[in-house]
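Trainee: Could you take a close look at one part of this model with me? I'd like to go through one helix pair and what surrounds it.

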Amino acid sequence: MSKRIIAVNAGPRKGWNTDTLINEAIEGAKAAGAEVEKFDLFNLEKYTGCISCFGCKKEKFKGHCIRRDALTPVLDAIREADGLIIGSPNYLSEATASFRALYERLIFQNLTYNVEKPCCNERFIPVLMIMTSNAPDTAYAALCKNYQNTLSRFIGPTEVLLSGNTLQLKDYSKTDWEWTLFDVEAKIKRHETVFPEECKKAFEAGLALAK
């Protein structure tokens, strides 16, 4: 029986850096024989992060967020999956608000506040977290390490793929502002030389995730 992988894009831009790396990881997972279902969080209807209702702390609901909205099918799919690919661009030194909304509810539903058994998740799955950024990856490596530690503790063993100093626009000359902070030529060169290698790494990570 083939494995089922859930992929989640927490970025808004189709076909750009985050989405491209996620899609490469998906192709890797498919190459290993997995079935993949992808969710684009920015395409979903209204949803929120954790509302602190503590419904998931009741015995009959443990491990399940009881909030019903557009994230419910995503959480349900992850709960039944054999692996998770999740990606977000870095916005102002954090993941997107969409990523945070899912992350809060994904983690908190498994948190028990019990010293002896702090996590009620009985089915750990491998996770690939992808983060892209206009800034160098060294600027947000610590942030991703924190996410990696928490995801590993509550969802399953997590690998992280970082892609920094990404190309944001196809043509920077068409902006209305002078973006003098960037070395545009260096960004273009990196996108042409380094980013394809990161795509290969994403493919290989997806392949490994599904094996």
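Trainee: At roughly what angle do the axes of helix α2 and helix α3 cross, and within what distance do they come?

Mentor: Keep in mind that this is a predicted model. Two packed helices are described by the angle between their axes and the distance between the axes, so let's start there. Helix α2 covers residues 72-80 and helix α3 covers residues 97-108; their axes cross at roughly 50° and come within 11 Å. Angles from 35 up to 65 degrees are neither roughly parallel nor roughly perpendicular, and α2 and α3 are therefore oblique to each other. As for handedness, the crossing of α2 and α3 is right-handed.

Now the side chains. On the α2 side you've got Thr 72, Val 74, Leu 75 and Ile 78, and they meet Leu 102, Arg 105 and Leu 106 of α3. Sorted by type, the residues of this contact come out as 5 nonpolar, 1 polar and 1 charged.

Leu 102 turns up again in the largest nonpolar core, which has 35 residues: Leu 102 and Leu 84 are the ones with the most contacts inside it. Elements giving two or more residues to this core include α2, α3 and β3 (83-91). The biggest giver is α3, with 6 residues.

Follow Leu 84 and you get back to the helix pair: leaving aside neighbours within four places in sequence, its contacts include Ile 78 and Leu 106, along with Ile 5, Val 8, Val 127 and Leu 209. Apart from this core there's another one, of 17 residues, with Ala 7, Ile 85, Phe 195 and Cys 199 among them.

Key:
Residues are numbered from 1 along each chain as its sequence is written. This is a predicted model: local features need pLDDT of at least 70, side-chain atom pairs count only at pLDDT 80 or more; totals for chains, interfaces and linings use all residues. Side-chain values use heavy atoms; hydrogens and water are left out. Axes are lines fitted to C-alpha atoms, for helices over the stretch in contact, and angles run from 0 to 180 degrees between N-to-C directions. Helices (H or I, at least four residues) and strands (E, at least two) are DSSP runs, numbered from the N terminus. Angles under 35 degrees count as roughly parallel, over 145 as roughly antiparallel, 65 to 115 as roughly perpendicular and the rest as oblique. A crossing is left-handed if the near helix is turned anticlockwise from the far one by less than a right angle, and right-handed if clockwise. Contact means heavy atoms within 4.5 Å. Ala, Val, Leu, Ile, Met, Phe, Trp, Tyr, Cys and Pro count as nonpolar, Asp, Glu, Lys and Arg as charged, and the others, Gly among them, as polar. A nonpolar core is a set of buried Ala, Val, Leu, Ile, Met, Phe, Trp, Tyr and Cys residues joined through side-chain atoms within 4.5 Å. Buried means under 20% relative accessible area, exposed over 50%, partly exposed in between (1.4 Å probe, protein chains only).
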